[in-house]
Structure formats: structure tokens, C-alpha cells
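Visitor: I keep hearing about salt bridges. Could you show me how to read them in a structure?

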Amino acid sequence: MRLTRQSNYAIRTLVYCAVNEPGLSRVAEVARAYGISELFLFKLIKPLVEAGLLQTVRGRHGGIKLGKPADQITLLETIRLTEENFALAECFEEGADCPLIGECDLNGALREALGAFFEVLSRHTIADLAHKKRSIRERLGISTADAVNESIAAISAA
């Protein structure tokens with residue numbers, strides 16, 4: 001099983017916001033840090049905002065931030081938002097025409113494997129991925145001074 005780019009970058013965006021707290025993260029900076037287009041990032045931010053995982057702050061000093069604490073955002077919750085389906089084989093899909101459906105144990109084995117995959121993802125949070133805050137900030141080019149200045153500017157603007 002391979003996750004889509006949307007899932008990959010949705011998780012990365014949430015991690016970026018987590019390590020940038022309490023500052024706001026600008027879409028352009030997140031896109032630059034990960035080498036993706038702002039348009040692609042805007043598209044994947046939308047369902048994250050609708051689900052309450054991210055918040056947008058409008059205005060000159062606006063940006064995005066986590067919609068709830070990082071330790072309350074599971075990888076499973078994020079991936080369920082960004083993946084279209086989890087059909088590991090044709091027999092998972094509606095209307096499958098395999099002559100072995102009902103007699104083959106592959107479907108059961110794959111369902112068990114998918115259940116284990118979901119169970120592991122449900123145990124891990126964005127906070128788990130962002131716990132090495134200092135080194136992640138360095139790798140993403142986020143300066144501590146910038147985050148503090150952005151926080152002060154956002155508070156002043158409010």
C-alpha cells in the first residue's frame with residue numbers, strides 16, 4: 001500500500017504547523033520548505049480546515065495553524081481525510097466480479113492487514129512526529145526569531 005502525495009503533504013503541513021507553534025505558518029513558506037506548489041498546498045489544506053485540523057487566519061499577518069492540539073490529531077484521522085479509498089484488492093470494491101468472492105480468504109486477510117494498519121496509525125499523532133522540534137525547524141528553515149515575531153504581530157493585529 002502506498003499513500004498519495006496528498007496524505008504525505010497533509011501530514012507534513014500539520015507537522016510544520018506543530019513545530020512552528022505558537023507562530024502562524026504562511027502557505028508560501030510551507031510550500032517552499034517542502035518544494036511543492038502553493039496551489040497544491042491550498043487544495044490539500046481545504047479538507048484539513050473543514051475537518052478542524054487546521055485553522056486559517058486572514059489578514060496581512062495571516063496564515064495557518066493547527067485547529068486542535070497536535071497530540072489530538074492522529075495519523076489515521078489525517079489519512080482518512082486525504083485518501084480516496086483503501087481498496088487493497090479488486091474484491092474490496094463494490095461490484096467486483098471475481099469468481100472467488102465468498103470462497104477466497106484473500107479478502108479476509110487483507111481486511112485484517114488493513115485493520116492493523118489503521119490501528120497503528122490511530123496510535124500515532126502529529127505531536128509524535130513533531131517531537132524533535134528544534135531539528136525539524138532547522139531542516140525546514142524555520143527560525144525561532146521569525147516565529148516569535150509573527151506571534152507578536154498576530155496578537156497585535158487581533
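Guide: Let's go through the salt bridges here one at a time, bearing in mind that this model is predicted.

Visitor: What's the general idea?

Guide: Side chains of opposite charge can pair when their charged atoms come close.

Visitor: How many salt bridges are there here?

Guide: The count comes to four. Try the pair Arg123 and Glu119, whose side chains meet with N and O 2.6 Å apart.

Visitor: Where do Arg123 and Glu119 lie?

Guide: You'll find both in helix α5, which covers residues 106-123. They sit four residues apart, and that is about one turn of the helix.

Visitor: Are those two side chains buried, exposed or in between?

Guide: Arg123 is partly exposed, at 49% relative accessible area. Glu119 also falls in the partly exposed class, with 38%.

Visitor: Okay, which residue pairs with Glu77?

Guide: That's Lys68, and the closest N and O atoms of this salt bridge are 3.0 Å apart. Glu77 has 26% relative accessibility, so we call it partly exposed. For Lys68 the relative accessible area is 26%, so that residue is partly exposed too.

Visitor: And what does Arg26 do?

Guide: Arg26 forms a salt bridge with Glu29, and here the closest N and O atoms are 4.0 Å apart.

Visitor: Why does Glu29 count as partly exposed rather than buried?

Guide: Buried means under 20% relative accessible area. Glu29 has 22%, so it counts as partly exposed. Its partner Arg26 is partly exposed as well, at 26% relative accessibility.

How values were computed:
Residues are numbered from 1 along each chain as its sequence is written. This is a predicted model: local features need pLDDT of at least 70, side-chain atom pairs count only at pLDDT 80 or more; totals for chains, interfaces and linings use all residues. Side-chain values use heavy atoms; hydrogens and water are left out. Buried means under 20% relative accessible area, exposed over 50%, partly exposed in between (1.4 Å probe, protein chains only). Helices (H or I, at least four residues) and strands (E, at least two) are DSSP runs, numbered from the N terminus.
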